[in-house]
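Please look over the structure shown here before reading on. The points that follow go from the whole chain down to single residues.

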Amino acid sequence: MPRGPDGPRVVEVAPSSTCGRWLARYRARAVLVRPVRVVCGVARSTAALPRLLAVRAGA
């Protein structure tokens with residue numbers, strides 16, 4: 001997966017962090033966040049990741 005401003009980046013978060021608690025609250029496994037820190041999409045399973053990345057491709 002590409003890294004940097006032109007591609008998605010994977011960032012792991014600790015379950016006890018603010019982001020980790022937010023993910024748990026919404027039962028999310030992955031979140032697509034725009035550079036301006038706006039949530040653009042959520043995947044609740046690893047099977048949903050391709051659809052989440054398709055949101056980015058369509059933008």
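**Notes on the model**

1. The accessible surface of the protein chain comes to about 5000 Å², and carbon and sulfur atoms account for 56% of that area. Keep in mind that this is a predicted model. Of the 59 residues in the chain, 19% count as buried.

2. Next, the overall layout. The protein chain has 2 helices and 2 strands. Followed along the sequence, these elements give the pattern α-β-β-α. As for contacts between residues at least 6 apart in sequence, 12% of them link residues at least 24 apart.

3. How do β1 and β2 run relative to each other, parallel or antiparallel? They run antiparallel, and 4 bridges join them. Two of the pairings can be followed in the model: Ala 30 stands opposite Ala 43 in β2, and Val 31 has Val 42 of β2 as its bridge partner.

4. The hairpin of β1 and β2 has 5 residues between the strands. Arg 37, in this hairpin, takes a positive phi near 70 degrees.

5. Strand β1 covers residues 30–33 and has two unlike faces, one covered and one uncovered. Ala 30 and Leu 32 make up the covered face, whereas Val 31 and Val 33 make up the uncovered one. In a regular strand, side chains alternate between the two faces of the sheet.

6. Which residues form a nonpolar patch on the surface? They are Trp 22, Tyr 26, Val 33, Val 39 and Val 42, and together they have about 420 Å² of accessible area. Val 33 also belongs to the uncovered face of β1, and Val 42 is the bridge partner of Val 31.

7. Val 39 deserves a closer look. This residue lies in strand β2, which spans residues 39–43. Why can Val 39 count towards a surface patch? A patch residue needs over 30% relative accessible area. Val 39 meets that cut-off because its relative accessible area is 44%, which makes it partly exposed.

8. Finally, the cysteines. How many disulfides does the structure hold? The number is 0. Cys 19 is partly exposed, with a relative accessible area of 47%. Cys 40 also counts as partly exposed, at 35% relative accessibility. Neither value falls under 20%, the cut-off for a buried residue, so Cys 19 at 47% and Cys 40 at 35% are not counted as buried.

Terms used. Residues numbered from 1 in each chain as written. Predicted model: local features only at pLDDT ≥ 70, side-chain atom pairs only at ≥ 80, totals over all residues. Heavy atoms only, no water. Patch = residues over 30% accessible without salt bridge, like charges linked within 9 Å, V, L, I, M, F, W, Y side chains within 5 Å. Areas by Shrake-Rupley, 256 points an atom, 1.4 Å probe, with all protein chains shown as cover. Salt bridge = Lys/Arg side-chain N within 4 Å of Asp/Glu carboxyl O. Buried < 20%, exposed > 50% of the residue type's maximum accessible area, 1.4 Å probe, protein only. Disulfide = S-S within 2.5 Å. Contact = heavy atoms within 4.5 Å. Pairing = 2+ DSSP bridges.
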